[in-house]
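Here are my notes on the model you sent over. Have the structure open while you read, and skip to whichever point you care about.

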Amino acid sequence: MSGNRHLKRLWLPGGFVALIALAALCAPLFPLPDPIRQDVANRLAGPMAGSWLGRDEFGRDVLSRLLWGARTSLGVAFISALTAGAVGVLLGLIGGWGKGAAAFLSVRSMDIVLCFPPILLALLVVTLLGPGAATLILVLSVLYLPGFARVTHAEVLAVKSRDYVEATRALGARPAYLLLRTVLPNIAGPILVQLSLAVAAAVVLESGLSFLGLGVVPPAPSWGLMIRGARATMEQAPLLLVWPCAALTLTILAMNLLCDGLRDALDPRTAGR
């Protein structure tokens, strides 16, 4: 009963996140205006026919830019989190299972990244390499890599001496088989929670860097760029600031609720209570 209750808590935030992701993926299929096409004659116009949320400071359709901005922000966040997860889990498996210099370097090298404040490291790399979606993916992947490595390392240390792992080892299984087929499926819960946390944090950081002008390059749509552009015209058209802020807030709230639900559903101590 407790497990079913925790699973029910995932439906609302999970469905909302899935709806946002689906809308972002299907943005090219919707009958919306070009998100970068300018119509200066209708700049700062309110909701009207063919433009449900109005036009921005350059006459671009706000709804179209919201959907395409979600495509950019979520795309950067998911790709960077998955990249960091793949590399971090591999390093954590090596560090938690192996011994010697390889195990030491695979985990201790992550401490070097943790020495730098995330936002300062992101600003440094973006300043050196230049803004853009590819640079953002690289920066965010490096920033969230230590979290995956440390979580995986701790979980491997906790399960490597369990009876089922020892039994598989006694049957003559190779280390690669043990790690991928026995250890990894049993530590997937904390890794999934870490992945959801990384995606939510990446959306916030991508929007912040784009707001500072160090993220997505204009005129490409992004929620951070929309907030930055609406700040200058907030007195004439305050709704231009409300829409991207509301989209960002609701997305992060849904992702955080999804993280909490995943944690409760996958934690044996909570699920069995």
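The points below cover a pocket, a surface patch and the salt bridges.

1. A reminder before anything else: this is a predicted model. Please read every value below with that in mind.

2. Start with the second largest pocket, whose volume comes out at about 290 Å³. It has 15 lining residues, and those closest to its centre are Phe-16, Ile-20, Leu-67, Trp-223 and Ala-247. Three helices each give two or more residues to the lining: H2 (11-25), H3 (62-97) and H11 (239-266).

3. What is the mix of nonpolar, polar and charged residues in the lining of that pocket? The split is 14 nonpolar and one polar, with no charged residue. If you plan to look at this site, the lining has no Asp, Glu, Lys or Arg in it.

4. Next, the outside. Phe-16, Leu-19, Leu-250, Leu-253 and Leu-257 make a nonpolar surface patch of about 450 Å². H2 and H11 are the elements that give two or more residues to this patch, and H11 has the largest share, with three residues. Phe-16 turns up twice in these notes: it is among the residues closest to the centre of the second largest pocket, and it is also part of the patch.

5. Take Leu-253 as one member of the patch. This leucine sits in helix H11. Is Leu-253 buried or partly exposed? Its relative accessible area is 49%, so Leu-253 counts as partly exposed, because the exposed class only begins over 50%.

6. Now the charges. The structure holds four salt bridges, and Asp-56, Glu-57, Arg-60 and Arg-65 are linked in a network of them. As a general point, side chains of opposite charge can pair when their charged atoms come close.

7. Going through the network by pair, Arg-60 and Asp-56 meet at 2.8 Å, N to O. Asp-56 also forms a salt bridge with Arg-65, where the closest N and O atoms are 3.9 Å apart. Arg-60 has a further partner in Glu-57, with the closest N and O atoms 3.8 Å apart. I'd keep an eye on the 3.9 Å and 3.8 Å pairs, given that the cut-off is 4 Å.

8. Where does the network sit, buried or exposed? Asp-56 has 7% relative accessibility and therefore counts as buried, and Arg-65, at 3%, counts as buried too. Glu-57 and Arg-60 are both buried as well.

Definitions and conventions. Residues numbered from 1 in each chain as written. Predicted model: local features only at pLDDT ≥ 70, side-chain atom pairs only at ≥ 80, totals over all residues. Heavy atoms only, no water. 1 Å grid on protein atoms, 1.4 Å probe; cavity = no way out; pocket = protein on both sides within 12 Å on 5 of 7 lines; lining within 4 Å. Points joined across faces, edges and corners; volume = space filled by probe spheres on them. Helix = DSSP H or I, 4+ residues; strand = E, 2+ residues; numbered from the N terminus. Patch = residues over 30% accessible without salt bridge, like charges linked within 9 Å, V, L, I, M, F, W, Y side chains within 5 Å. Areas by Shrake-Rupley, 256 points an atom, 1.4 Å probe, with all protein chains shown as cover. Salt bridge = Lys/Arg side-chain N within 4 Å of Asp/Glu carboxyl O. Buried < 20%, exposed > 50% of the residue type's maximum accessible area, 1.4 Å probe, protein only.
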